[in-house]
6 protein chains.
Amino acid sequence: MSDSWLPTLRTSTPQEGWELAAKMSRVGVKITQPSDEIRSRLRPGYSENADSLIAASHVIAVNFQTVAAANDYWREG
Amino acid sequence: MSDSWLPTLRTSTPQEGWELAAKMSRVGVKITQPSDEIRSRLRPGYSENADSLIAASHVIAVNFQTVAAANDYWREG
Amino acid sequence: MSDSWLPTLRTSTPQEGWELAAKMSRVGVKITQPSDEIRSRLRPGYSENADSLIAASHVIAVNFQTVAAANDYWREG
Amino acid sequence: MSDSWLPTLRTSTPQEGWELAAKMSRVGVKITQPSDEIRSRLRPGYSENADSLIAASHVIAVNFQTVAAANDYWREG
Amino acid sequence: MSDSWLPTLRTSTPQEGWELAAKMSRVGVKITQPSDEIRSRLRPGYSENADSLIAASHVIAVNFQTVAAANDYWREG
Amino acid sequence: MSDSWLPTLRTSTPQEGWELAAKMSRVGVKITQPSDEIRSRLRPGYSENADSLIAASHVIAVNFQTVAAANDYWREG
């Protein structure tokens, strides 16, 4: 996590903002569990569990609020 | 997810904004579980589970906050 | 869900705004589980489960944030 | 729920705002489970369950965000 | 809860704001379970449960959003 | 927790803001469970549980909203 992964919150389009929000959500997991190996092992469990998927979608939604505000909702776009 | 699905956060009406928020919530699930087949298999489980439905409604509510702000709450509408 | 149920976020009073927020929360459930019959069947389960009730109250609170902002918190009211 | 319980979001002090937020959280439960008898029956269960208490505190926090914004954070107070 | 515990949302520093947010989170629990005895009894359970601790941290985060906004993020500080 | 750990919400870059948000999330846990020994003991459990990791990512997302707003989304950056 020492390298640069979040240089700016600005994106060209809402969709790129969404992808950034999804990345932020994944990094939020990674900061608590840095092992790629363990995260891969967990994947089958949560990616086939509806409640986990809804919870993951929730985190993206929260991060997207931040990214959208940072881009003034792409009003000029 | 490579095609364009979120060109803008602007909608004509609050209800269209709500539908966009619901779509964003579904895409948030899809980004974690891209397989249509697996998501379909999960559907009966969560769509008949009250807590899952409330959680899904929660995610829509969060996304709708973003869409509503992006449209200045359709004040001019 | 094809008919018009959310023409505006404006309401005359905070309490009407609260009722709209509760409606939005219910529609958020309905969009995932459109069957009236299944939702009715689920009702006894969640309506007598404290955690489900708290979760439902949470969703209303989130939607009310949006409605309240849309009405500028009824400051002029 | 037909009588008037939320005439305004304005309160004189932050603490009164907090009490209003707690009331809104309770009404959010009541709207889903209107029976006083059933809610009373549920009380021992959730009021001695730490996770339910934390969840209830969460809902108050969300409602308090709304009330605090409506009062401009009592900056003039 | 009848005495004054929230006279203002203003604090001198972000850290004091954080402590206020933690206090608000505790009071949110206390309002639902006023018995000191019962809350003390619950403590060992949730304070050694990772999910409860994360949930408690979440509530503080939400309350801190309110306190930080009330202090204009201590920009002048 | 008596020493100074949150002197300001300002950071130079979004990524430093993210790291601050992660720290705030950890301190939110620490305030409820101050024992380093107990928190270390809990770590294996939650750090290998997908739902706990998603919940932890959620708390970071909420704290990051606050930090990002405090930095005006690093718009000048």
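**Exercise 1. Symmetry of the copies**

Task: In this predicted model, determine by what turn and what shift along the axis chain F can be laid on chain A.

Solution. Step 1: a turn of 60 degrees, with a shift of 0.0 Å along the axis, lays chain F on chain A with an RMSD of 0.0 Å. Step 2: the two copies are therefore related as by a six-fold rotation axis. Step 3: to place the axis, take the residue of chain F that comes closest to it, which is F:V62, with its C-alpha at 6.9 Å. Step 4: compare the surfaces through which the copies meet. Only 19% of the interface residues of chain F are also interface residues in chain A, so the copies meet through different surfaces.

**Exercise 2. A second pair**

Task: Establish which residue of chain A comes closest to the rotation axis, and by what turn chain A can be laid on chain B.

Solution. Step 1: chain A is laid on chain B by a turn of 60 degrees and a shift of 0.0 Å along the axis, and the RMSD is 0.0 Å. Step 2: A:V62 comes closest to the axis among the residues of chain A, at 6.9 Å for its C-alpha. Step 3: 19% of the contact residues of chain A recur in chain B, and the copies use different surfaces.

**Exercise 3. Chains without contact**

Task: State how far apart the closest C-alpha atoms lie in the pair chain C and chain E, and in the pair chain D and chain F.

Solution. Step 1: for chain C and chain E, the closest C-alpha atoms lie 12 Å apart, and no contact joins the chains. Step 2: for chain D and chain F, no contact is present either, and the closest C-alpha atoms lie 12 Å apart.

**Exercise 4. The fold of one chain**

Task: Describe the secondary structure, dimensions and burial of chain A.

Solution. Step 1: chain A contains three helices and zero strands, in the order α-α-α along the sequence. Step 2: its C-alpha trace spans about 40 × 30 × 15 Å along the principal axes. Step 3: 58% of its 77 residues count as buried. Step 4: among contacts in chain A with a separation of 6 or more, 61% are between residues 24 or more positions apart. Step 5: the accessible surface is about 3400 Å², and carbon and sulfur atoms hold 49% of this area. Step 6: chain A carries 8 positive and 9 negative side chains, with the centres of the two sets 3 Å apart.

**Exercise 5. The nonpolar cores**

Task: Identify which residues touch the most other members of the largest nonpolar core.

Solution. Step 1: this core has 102 residues, and those touching the most other members are A:L9, B:L9, C:L9, D:L9, E:L9 and F:L9. Step 2: take E:L9 as the example. Beyond its neighbours within four places in sequence, its contacts include D:P14, D:F64, D:Y73 and D:W74 in chain D, and E:L20, E:M24 and E:V67 in chain E. Step 3: another core, of 30 residues, lies apart from the largest one; B:I54, B:A61, C:V62 and F:A56 are among its members.

**Exercise 6. Two residues of helix 3**

Task: Decide whether B:S57 is buried or exposed, and which residues B:H58 touches.

Solution. Step 1: B:S57 lies in helix 3 of chain B, residues 50-70. Step 2: the cut-off for buried is under 20% relative accessible area; B:S57, at 1%, therefore counts as buried. Step 3: leaving out residues up to four places away in sequence, B:S57 touches C:M24, C:S25, C:G28, C:V29 and C:V59. Step 4: B:H58 also has its place in helix 3 of chain B, and counts as buried at 12% relative accessibility. Step 5: with the exclusion of residues up to four places away, B:H58 touches A:H58, C:H58, C:V59 and C:V62. Step 6: B:H58 and B:S25 are 33 residues apart in sequence, and their C-alpha atoms are 9.5 Å apart in space.

Technical notes:
Residues numbered from 1 in each chain as written. Chains lettered and ligands numbered in written order. Predicted model: local features only at pLDDT ≥ 70, side-chain atom pairs only at ≥ 80, totals over all residues. Heavy atoms only, no water. Least-squares fit on C-alpha atoms with pLDDT ≥ 70 in both. Contact = heavy atoms within 4.5 Å. Core = buried A, V, L, I, M, F, W, Y, C linked by side-chain atoms within 4.5 Å. Buried < 20%, exposed > 50% of the residue type's maximum accessible area, 1.4 Å probe, protein only. Helix = DSSP H or I, 4+ residues; strand = E, 2+ residues; numbered from the N terminus. Areas by Shrake-Rupley, 256 points an atom, 1.4 Å probe, with all protein chains shown as cover. Lys, Arg positive; Asp, Glu negative; His and termini not counted. Charge placed at Lys NZ, Arg CZ, Asp CG, Glu CD.
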